[in-house]
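Hi there,

Here is the structure I said I would pass on. Have a look at it first, and then read my notes below.

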Amino acid sequence: MEPTRKTLSLTLLDNFVREKLESISRELETSLRMDGLSHAIHFVLMELVGNAVKANLKRVFFKRNGFDLDDPESYARGVRAFMKDYNALDEAQYQSALEELEFNVNVHVDLNEDRLLIHVDNRALLLAEEERRIRRQLAGSMNVKNIVEFSLEYGNDTEGRGLGLAMIVLLIRDLGFNPDLFRVYQDGLRTIARLEFPLSADYTPVRDAFLRSNGSANH
């Protein structure tokens, strides 16, 4: 198997980006010779990139409409307004603002004989409430059998029901990999979603390797 590295930078999830993500997914399935993998990887990439773009758009929406991310009442009003208007947003009108504020999204795919790593990062750092919601959704998805059970037990209407993150966890599990290796964290500059698919018995997860060398659990 030839090592593969792919990098994609974007601001919006347009047709070009969708086609690139689909192409990357097909290449990974061919390299790993796992039938059906492309559909799962494509869903994961689309979900993570979509979430990252949405987070960036929300920051610009707040700035344009005078909502304060740091004020709980203003934040709550801003979220309601954003969710109400989101499907009708003309994302193209936000392109220049996203670029000016450097609210981009990066996708990194790194495959070798030991593992497949997927990173999706964006400029919008998680607020405390956003991080709590993501942690709750991820923890909840670990304890359910299917997406219906998750929706009933852990769904949250504030900013979507968290079904995408739950689907990622369930897909990872169905593919035979450890969903505990799916992490969402911050490095002080960007929010990062990382997936690891071990391909060898000798593989050391990124977090374990980081802890050994640094003694910190941030990653």
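**Around helix 2**

Just past the end of helix 2, Gly-66 adopts a positive phi of about 75°. Please keep in mind as you read on that this is a predicted model.

Helix 2 itself covers residues 37–65. Its 29 residues reach 41 Å from the first C-alpha to the last, close to the 42 Å expected at 1.5 Å a residue.

Beyond helix 2 comes a loop that leads to helix 3 (72–85), and Asp-68 sits in that loop. Asp-68 counts as partly exposed because its relative accessibility is 36%, which falls between the 20% and 50% cut-offs. Together with Asp-70, Asp-71 and Glu-73, Asp-68 forms a negative surface patch.

**Positive phi without glycine**

Two other spots may interest you when you go through the backbone.

On the other side of helix 2, the loop that joins it to helix 1 (15–32) holds Arg-33. Arg-33 has a phi near 55°, a positive value in a residue other than glycine. Arg-33 counts as exposed because its relative accessible area is 77%, over the 50% cut-off.

Further along the chain, Glu-102 lies in the loop between helix 4 (91–100) and strand 2 (105–111). Glu-102 is not a glycine either, yet its phi is positive, at about 60°. With a relative accessibility of 54%, Glu-102 is over 50% and therefore counts as exposed.

Happy to talk it through whenever suits you.

Best wishes

Key: Residues numbered from 1 in each chain as written. Predicted model: local features only at pLDDT ≥ 70, side-chain atom pairs only at ≥ 80, totals over all residues. Heavy atoms only, no water. Patch = residues over 30% accessible without salt bridge, like charges linked within 9 Å, V, L, I, M, F, W, Y side chains within 5 Å. Areas by Shrake-Rupley, 256 points an atom, 1.4 Å probe, with all protein chains shown as cover. Salt bridge = Lys/Arg side-chain N within 4 Å of Asp/Glu carboxyl O. Lys, Arg positive; Asp, Glu negative; His and termini not counted. Charge placed at Lys NZ, Arg CZ, Asp CG, Glu CD. Helix = DSSP H or I, 4+ residues; strand = E, 2+ residues; numbered from the N terminus. Buried < 20%, exposed > 50% of the residue type's maximum accessible area, 1.4 Å probe, protein only. Expected span 1.5 Å × (residues − 1).
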